[in-house]
Amino acid sequence: MTYVVKDECIKCKHTDCVEVCPVDCFYEGVNTLVINPEECIDCGVCEPECPVDAIVADTDPAVAKNELDYWIHVNTEYSKKWPNITKKKDALPEHEEFHPDKFPDGKKDLFDENPGDGD
């Protein structure tokens, strides 16, 4: 089992989670974060830190399997391309405008493949 970041993070990018990760398995895109599932040790300390509930276990029964599979793929692929992030940064300036509650159909279409700055 591992944890993954889903679309709730897109255009919010709170980084409270990266500070508590004991194995530094978060990677930064320009408008979201991902977790490297091969590095994640399944400790779960990051999940409660996310203020928009973007982090879930890859076995979470509340999330559809096809959705979990999609986000496992995204997290795996982009954690290999994006820089590592281990320190908390400010959320994106537009994070309130893009709160997940305002997007009942999700924010997948807002995903940006470009890397962030990392540490």
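These are my notes on one buried residue and on the cavities of this structure.

Entry one, on the model. I am working from a predicted model, and I keep that in mind for each entry below.

Entry two, on Thr 32. I looked up where Thr 32 sits and found it in the loop that runs between strand S2 (26–28) and strand S3 (33–35). I then checked its accessibility: Thr 32 counts as buried because its relative accessibility is 3%, and the cut-off for buried is under 20%. Setting aside the neighbours within four places in sequence, I listed the contacts of Thr 32 as Val 5, Cys 9, Ile 10, Lys 13, Tyr 27, Trp 82 and Phe 111.

Entry three, on the cavities. I searched for enclosed space and noted two cavities of 30 Å³ or more. For the largest cavity I recorded a volume of about 70 Å³ and a lining of 13 residues, among which Cys 21, Cys 25, Cys 40, Cys 43 and Cys 46 lie nearest the centre. Sorting that lining by residue class, I wrote down eleven nonpolar, one polar and one charged.

Entry four, on the second largest cavity. Its volume came out at about 40 Å³, and as its lining I noted Val 5, Cys 9, His 14, Cys 17, Leu 33, Cys 50, Val 52, Ala 54 and Ile 55. By class, the lining of the second largest cavity divides into eight nonpolar residues and one polar residue, with no charged residue.

Entry five, on a link between the entries. Going back over my lists, I see that Val 5 and Cys 9 are among the contacts of Thr 32, and that Val 5 and Cys 9 also help to line the second largest cavity.

Terms used
Residues numbered from 1 in each chain as written. Predicted model: local features only at pLDDT ≥ 70, side-chain atom pairs only at ≥ 80, totals over all residues. Heavy atoms only, no water. Helix = DSSP H or I, 4+ residues; strand = E, 2+ residues; numbered from the N terminus. Buried < 20%, exposed > 50% of the residue type's maximum accessible area, 1.4 Å probe, protein only. Contact = heavy atoms within 4.5 Å. 1 Å grid on protein atoms, 1.4 Å probe; cavity = no way out; pocket = protein on both sides within 12 Å on 5 of 7 lines; lining within 4 Å. Points joined across faces, edges and corners; volume = space filled by probe spheres on them. Nonpolar A, V, L, I, M, F, W, Y, C, P; charged D, E, K, R; others polar.
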